[in-house]
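Take a look at the model below. We will walk through its symmetry, its two DNA surfaces and one helix packing.

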Protein chains: 2
Amino acid sequence: METPDTLPEGDFLRLDRQICFSLHAATRAFNGVYREALKELGLTYPQYLVMLVLWEHRELSVKGIGERVRLDSGTLSPLLKRLEAAGHVERRRSPEDERSVTVRLTEEGAALREKALGVPRRIAAATGLDLAELGDLRERLHALAVRLDAVGPDDLSGCA
Amino acid sequence: METPDTLPEGDFLRLDRQICFSLHAATRAFNGVYREALKELGLTYPQYLVMLVLWEHRELSVKGIGERVRLDSGTLSPLLKRLEAAGHVERRRSPEDERSVTVRLTEEGAALREKALGVPRRIAAATGLDLAELGDLRERLHALAVRLDAVGPDDLSGCA
DNA sequence: CGCGATTGAGTTGCGCACAACTTAATCGCG
DNA sequence: CGCGATTAAGTTGTGCGCAACTCAATCGCG
């Protein structure tokens, strides 16, 4: 349990390097492709994520958005302020709970969806994967994220 | 080739949302686990990437590091300055080419490798994947990154 | 009802990531 | 040799991502 058995530590480090690099490179490559595809919409990748949930719900609290895109208010507040400045959303405090802020699509923000419809196919084409493979990738990444999030702040020390 | 055939655009947008979210969530979950594991080393994840290549080469130019970790000088310059301030590396201009800066591990930086040896196994444990699955993941991510990078700045418009 | 605990947003500070730019050194062609 | 083009690093500015914090509103227990 505490000895590698199959590999010396040095090779572990090498494998880790390869996985780190692959993950890091894939993430930034994806970001780059999205950046290019989103340029004409005037959106960044994280802004696109937020718009995607708003196109499905039209109106959500900051907390509601945060739960769906897994971002906290420290990231969302300035991002939403920029989306508001761009005219895509409106923000106003909720009447029934003055702590909460309701974010709602403007007409313009809702209309932007039409221009976004072509984006997913471009991305899919860039990956060179078909729908089934994309679905499989999504599954694997989702399962991985769930497992990694579950580890949380503890653990990690319990295996050395 | 230019029509979806299998899915209307709206479902494409939904699938894209799911893939976006999975990718984004998995990336940040990975970062979180590494952040935790690297805390005792006093390294961030990108700093760890740089140290990994230096542990293999001992001495590299900024350009050489950039090629290996796929980062430009705009990101590396301040990062390396911080690694230098932490005492892990030295930087000095190359004698034979005054444009180039050579980055070399200090004794302390080289010694840090010993403390890093336990990191990969912790990460692997957190993912819940075995060595074969990790290798497979690495392969897929690498292939994907290569394909996405190959698309480059052009294309993307040629499929709409 | 009153008051401490909790919750939702926002702010601050730091470290990437990247585009666009600057500066200095080197290259290479005529 | 001379000078424009290229190259290597660094700088600047913008936008995430996250930890740590503030502040106001709400909750809930006695």
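This is a predicted model. Start with DNA strand D. Around it sit 26 residues, and the closest are Thr44(A), Arg82(A), His24(B), Lys63(B) and Ser73(B). Both chains are therefore represented, given that a residue is near a strand if one of its heavy atoms lies within 4 Å of it.

Which part of the strand does the protein meet? Sugar or phosphate supplies 78% of the atoms of DNA strand D within 4 Å of the protein, and bases supply the rest. Several polar pairs involve the phosphates. A polar side-chain atom of Thr44(A) is 2.8 Å from a phosphate oxygen of DNA strand D. For Arg91(B), a polar side-chain atom lies 3.1 Å from a phosphate oxygen of this strand. Val101(B) uses its backbone instead: a polar backbone atom there is 3.2 Å from a phosphate oxygen of DNA strand D.

Now place this surface on the fold. In chain A, two or more residues each come from α2 (45–57) and α4 (73–85). In chain B, the elements that give two or more residues are α1 (9–38), α3 (62–69), α4 (73–85) and β2 (89–93). By class, the residues near DNA strand D are 5 nonpolar, 10 polar and 11 charged.

Turn to DNA strand C. Here too 26 residues surround the strand, with Lys63(A), Ser73(A), Lys81(A), Thr44(B) and Arg82(B) coming nearest. Of the atoms of DNA strand C that come within 4 Å of the protein, 79% belong to sugar and phosphate.

A base is also approached. A polar side-chain atom of Ser73(A) lies 2.6 Å from a base nitrogen of DNA strand C. Ser77(A) places a polar side-chain atom 3.1 Å from a phosphate oxygen of DNA strand C. At Val101(A), a backbone N or O atom is 3.2 Å from a phosphate oxygen of the strand. The elements giving two or more residues to this surface are α1 (9–38), α3, α4 and β2 (89–93) of chain A, along with α2 (45–57) and α4 of chain B. The surface near DNA strand C has 5 nonpolar, 10 polar and 11 charged residues.

How do the two chains relate? A turn of 180° and a shift of 0.0 Å along the axis lay chain B on chain A, with an RMSD of 0.0 Å. That is why the relation is that of a two-fold axis. The same surface serves both copies, as 100% of the contact residues of chain B recur in chain A. In chain B, Thr27(B) comes closest to the rotation axis, with its C-alpha at 3.6 Å.

Finally, look inside chain A. Two packed helices are described by the angle between their axes and the distance between the axes. The axes of α2(A) and α3(A), residues 62–69, come within 10 Å and cross at roughly 115°. Is this crossing left-handed or right-handed? The crossing of α2(A) and α3(A) is right-handed. From α2(A), the contact uses Leu49(A), Val50(A), Val53(A), Leu54(A) and His57(A). From α3(A), Ile65(A), Arg68(A) and Val69(A) take part. The contact of these helices counts 6 nonpolar, 1 polar and 1 charged residues.

Notes:
Residues are numbered from 1 along each chain as its sequence is written. Chains are lettered from A and ligands numbered from 1 in the order in which they are written. This is a predicted model: local features need pLDDT of at least 70, side-chain atom pairs count only at pLDDT 80 or more; totals for chains, interfaces and linings use all residues. Side-chain values use heavy atoms; hydrogens and water are left out. Copies are superposed by least squares on the C-alpha atoms of residues with pLDDT of at least 70 in both. Contact means heavy atoms within 4.5 Å. A polar contact is a pair of N or O atoms within 3.5 Å; within protein, one must be able to donate a hydrogen and the other to accept it, and residues adjacent in sequence count only if both atoms are side-chain atoms. Helices (H or I, at least four residues) and strands (E, at least two) are DSSP runs, numbered from the N terminus. Ala, Val, Leu, Ile, Met, Phe, Trp, Tyr, Cys and Pro count as nonpolar, Asp, Glu, Lys and Arg as charged, and the others, Gly among them, as polar. Axes are lines fitted to C-alpha atoms, for helices over the stretch in contact, and angles run from 0 to 180 degrees between N-to-C directions. A crossing is left-handed if the near helix is turned anticlockwise from the far one by less than a right angle, and right-handed if clockwise.
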